[in-house]
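Colleague: I'd like a close look at one part of this model, at a level that suits somebody who spends the day at the bench. Please keep it informal and walk me outward from there.

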Amino acid sequence: MTESSKVQEFIYRYSVLAYFLYAIRDALTGSIRFYFDMFGLGILWFVPDMMAFGAVFLFIYLQFYVKKNIIGQFFVVLFLFSAASSVVFMNTTIFALFSSLKMFIPMFIGMCFMDRSITESPRHRRYLFIIMMVSAWGIILNPYVEYPWVGQSFSSFGIERDASKLWWAEGAIRYGGFAGDSTMAAYMVVFLYFLLSPYYSIKANLALWPILIAAVHISTSKTAIGVLYIYFAAYLVFFAGRKYSVLIRNVRLLTQLSFLCLAIPLVLIVIF
């Protein structure tokens, strides 16, 4: 293995670890916040964020010294310019700056994967499946179990925040499961299923559908419900029963077509 290959393998493994830390934290947000605060381990909440900042430097190193990719280098320059602009025009406190930056730097973890995928390893897929099922069953059981983190708050840098909120939508309770937030809980179920679905047989996918449908409906997240049903239709039309090579081609086609959605806001502005 060449030195360049070793560096890229290290960056890939680093990105995998960071990805799983984020996946676990987002799927179990309410419970993790609650128990970290209970045992005085609140600082561990920021470990994924610290790894995301590390991914920024790894991405810069990868683009400038390993890949020497002009597009990646241009993106880095734009990112640094945007960060500098935020410091100049929106600099209130160091914690506010940190909070604003950590909202979008996780994308660097994804970009560090380059030509590889989090799902290329069967072991990784098993871990993702476990996280998806835990998130789904956390929502499904929520109407029958009173989770201790609902309505609880925690202190972060002197600021009091809610570990979890109980929401209502049109008279129905929006259950948040282990995430403590109905939207995030539903998204973790739907998004992880999207990653795993192409690797499963038709029977395995159909067997999962009742669990997924129950989870997103209990969460009452309309976006997650709509997106899930759209994916079901796309799966039956483009993926079910297809050879792997055809499946990958169809995934790429749908990904390319998804960029058309960028025009939707402009169209709505013009119309309305």
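What follows is about one helix and its surroundings. What do helix 8 and helix 10 use to make their contact, and which residues of helix 7 meet helix 8?

Modeller: First, a caution: this is a predicted model, so local features need pLDDT of at least 70 and side-chain atom pairs pLDDT 80 or more, while totals for chains, interfaces and linings use all residues. Numbering starts from 1 along each chain as its sequence is written, and side-chain values use heavy atoms, without hydrogens or water.

For orientation, the protein has 12 helices and 4 strands (DSSP runs numbered from the N terminus, helices being H or I of at least four residues and strands E of at least two). Of its 272 residues, 39% are buried (under 20% relative accessible area with a 1.4 Å probe, protein chains only; exposed is over 50%, partly exposed in between). Among contacts (heavy atoms within 4.5 Å) with a separation of 6 or more, 71% join residues 24 or more positions apart.

Now helix 8, which covers residues 182-196. Helix 8 packs on helix 10 (residues 222-239) at about 20°, with the axes 9 Å apart (lines fitted to C-alpha atoms over the stretch in contact, angles running from 0 to 180 degrees between N-to-C directions). So helix 8 is roughly parallel to helix 10 (under 35 degrees; over 145 is roughly antiparallel, 65 to 115 roughly perpendicular, the rest oblique). On the helix 8 side you'll find Ala 186, Tyr 187, Val 190, Tyr 193 and Phe 194, and helix 10 brings Thr 223, Ala 224, Val 227, Leu 228, Tyr 231 and Phe 232. That contact has 10 nonpolar residues, 1 polar and no charged ones (nonpolar: Ala, Val, Leu, Ile, Met, Phe, Trp, Tyr, Cys, Pro; charged: Asp, Glu, Lys, Arg; polar: the others, Gly among them).

Helix 8 has another neighbour in helix 7: their axes come within 9 Å and cross at roughly 150°. That makes helix 7 roughly antiparallel to helix 8. Arg 125, Leu 128, Phe 129, Ile 131, Met 132, Ser 135, Ala 136 and Ile 139 of helix 7 face Ala 185, Ala 186, Met 188, Val 189, Leu 192, Tyr 193, Leu 195 and Leu 196 of helix 8. Here the split is 14 nonpolar, 1 polar and 1 charged. Ala 186 and Tyr 193 turn up in this contact as well as in the one with helix 10.

Next, look at the loop that leads from helix 9 to helix 10, where Ser 221 sits. Ser 221 is buried, at 2% relative accessible area. Leaving out residues up to four places away in sequence, Ser 221 touches Arg 174, Ser 182, Thr 183, Ala 186, Tyr 187 and Val 216. Thr 220 is in this loop too and counts as buried at 17%. Most residues other than glycine have a negative phi, but phi of Thr 220 is positive, near 60°.

On the other side of that loop is helix 9, which holds Ile 213. Ile 213 is partly exposed at 25%. Its partners more than four places away in sequence are Leu 228, Tyr 229 and Phe 232. Ile 213 and Leu 228 are 15 residues apart in sequence, with their C-alpha atoms 8.1 Å apart.

Finally, the wider setting. The largest nonpolar core (buried Ala, Val, Leu, Ile, Met, Phe, Trp, Tyr and Cys joined through side-chain atoms within 4.5 Å) has 57 residues, and Tyr 19, Ile 109, Met 132, Tyr 193 and Leu 212 touch the most other members. Helix 8 supplies at least two residues of this core, as do helices 1, 3, 4, 6, 7, 9 and 10. Helix 1 gives the most, with 11 residues. As for Ile 109, the residues it touches beyond four places in sequence are Ser 15, Ala 18, Tyr 19, Tyr 22, Ala 52 and Ala 55. Among these, Ala 18 and Tyr 22 of helix 1 and Ala 52 and Ala 55 of helix 3 also take part in the contact between those two helices. Their axes come within 10 Å and cross at roughly 155°, so helix 1 is roughly antiparallel to helix 3.
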